[in-house]
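Student: I have a new model open and would love to talk it through with you. Shall we start with one residue and work outwards?

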Amino acid sequence: MTTRPARDSQAPMDADIVEQNLAIWKESLFSSIPVGGLLARNPVAHKWKATFRSMMLREAVCWRAQDLLAQSFALHEQGYGLGTRILIRSAFETLATLVYLNQLMQQVLDGRLNFHLFGDKTTKLLLGSRNGDREGPRSINILTVLEKCDKRYPGMMEVYADLSESAHPSYAGLCMGYSKVNYDEYETTFSNRWMELYSDRNLAAIDMCMMTFHHEYNEVWIPLFEALEKWIETNDAQLEATKDEFPQDQ
């Protein structure tokens with residue numbers, strides 16, 4: 001699956017291109033994951049729930065990221081700059097989940113993360129919650145995930161922090177977004193300034209999120225997952241011998 005076509009990084013930002021890429025992405029979303037097909041593909045690797053959860057995470061993240069960015073672009077086109085930025089912020093959190101999953105798979109392959117602990121982390125990423133009324137595992141803090149991702153993509157946390165300032169009722173979210181000081185006249189005027197301040201940056205952030213997701217989804221996850229399947233085959237006897245230590249992965 002291709003989430004979006006490649007774009008010349010030197011080309012000027014174009015709203016029509018962003019819209020087209022979002023539409024192509026939507027048309028290429030997976031509709032299902034047949035478990036029988038996975039077992040036929042590799043019965044050893046896919047008897048472990050961690051591999052299925054990894055695929056589930058990849059596709060659920062894909063659906064959510066496309067949905068968030070499509071809605072943020074729609075708000076951008078209608079001139080709702082604040083809503084655009086809040087949804088982009090959530091899209092970066094969603095992207096970070098995929099990046100983090102890929103980092104975890106690489107750690108297993110490198111021998112830096114126990115496979116069963118990897119399975120536990122996939123459970124928390126996929127099924128975790130911060131809602132005290134809901135049964136299940138506690139989710140991994142998204143800031144922890146973003147900090148890990150910033151090591152692969154330096155500057156991601158800076159972009160996220162800037163978007164977060166808009167999302168919160170801080171100086172940027174209140175004074176900057178809705179007022180302007182005329183120092184000559186000693187007067188403060190109020191207006192909705194979000195598009196004036198961030199229109200171009202919002203479009204660039206949507207495109208940046210899409211391009212990064214495309215790379216992680218297609219060019220990073222696929223070879224990592226295939227390598228993980230082979231790794232599980234090679235180490236299956238050891239995994240079976242230690243599985244009782246981590247019954248939640250069965």
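**A walk through the model**

Tutor: Happy to! Bear in mind that this is a predicted model. Let's begin with Ser 72, which lies in helix H3.

Student: Is Ser 72 buried or exposed?

Tutor: The quantity to look at is the relative accessible area, and the cut-off for burial is under 20%. For Ser 72 that area is 0%. The verdict for Ser 72 is therefore buried.

Student: Which residues is Ser 72 in contact with, leaving aside its neighbours within four places in sequence?

Tutor: Here we count heavy atoms within 4.5 Å as a contact. With sequence neighbours within four places set aside, the partners of Ser 72 are Thr 84, Leu 87, Ile 88 and Ile 206.

Student: How far apart are the end C-alpha atoms of helix H3?

Tutor: Helix H3 covers residues 49-78, which is 30 residues. At 1.5 Å a residue, H3 should span 44 Å, and the model agrees with that expectation. Its end C-alpha atoms are separated by 43 Å.

Student: Which residue follows H3, and what is its phi?

Tutor: Just after the helix comes Gly 79. Its phi is positive, near 85°.

Student: How are H3 and H9 oriented where they pack?

Tutor: Two packed helices are described by the angle between their axes and the distance between the axes. For H3 and helix H9 (residues 194-242), the axes are 11 Å apart and the angle is about 165°. Since angles over 145 degrees fall in that class, H3 is to H9 roughly antiparallel.

Student: What is the handedness of that crossing, and how do the contact residues divide?

Tutor: H3 passes H9 in a left-handed crossing. The residues of the contact of H3 with H9 divide into two charged, seven polar and 17 nonpolar.

Student: Let's move to Lys 180. How accessible is Lys 180?

Tutor: Lys 180 sits in strand S1 (residues 179-182). Its relative accessibility is 45%, and the class between 20% and 50% is the intermediate one. Lys 180 therefore counts as partly exposed.

Student: What separates the C-alpha atoms of Lys 180 and Phe 190?

Tutor: Lys 180 has contacts beyond four places in sequence, with Glu 187, Thr 188, Thr 189, Arg 193 and Glu 196. Phe 190 is ten residues from Lys 180 along the chain. Their C-alpha atoms are separated by 6.5 Å.

Student: And how many helices and strands does the protein chain have?

Tutor: From the N terminus on, the elements run α-α-α-α-α-α-α-α-β-β-α. The count for the chain is nine helices and two strands.

Conventions
Residues numbered from 1 in each chain as written. Predicted model: local features only at pLDDT ≥ 70, side-chain atom pairs only at ≥ 80, totals over all residues. Heavy atoms only, no water. Helix = DSSP H or I, 4+ residues; strand = E, 2+ residues; numbered from the N terminus. Expected span 1.5 Å × (residues − 1). Axes fitted to C-alpha atoms, helices over the stretch in contact; angles between N-to-C directions. Parallel < 35°, antiparallel > 145°, perpendicular 65-115°, else oblique. Left-handed = near helix turned anticlockwise from the far one by under 90°. Nonpolar A, V, L, I, M, F, W, Y, C, P; charged D, E, K, R; others polar. Buried < 20%, exposed > 50% of the residue type's maximum accessible area, 1.4 Å probe, protein only.
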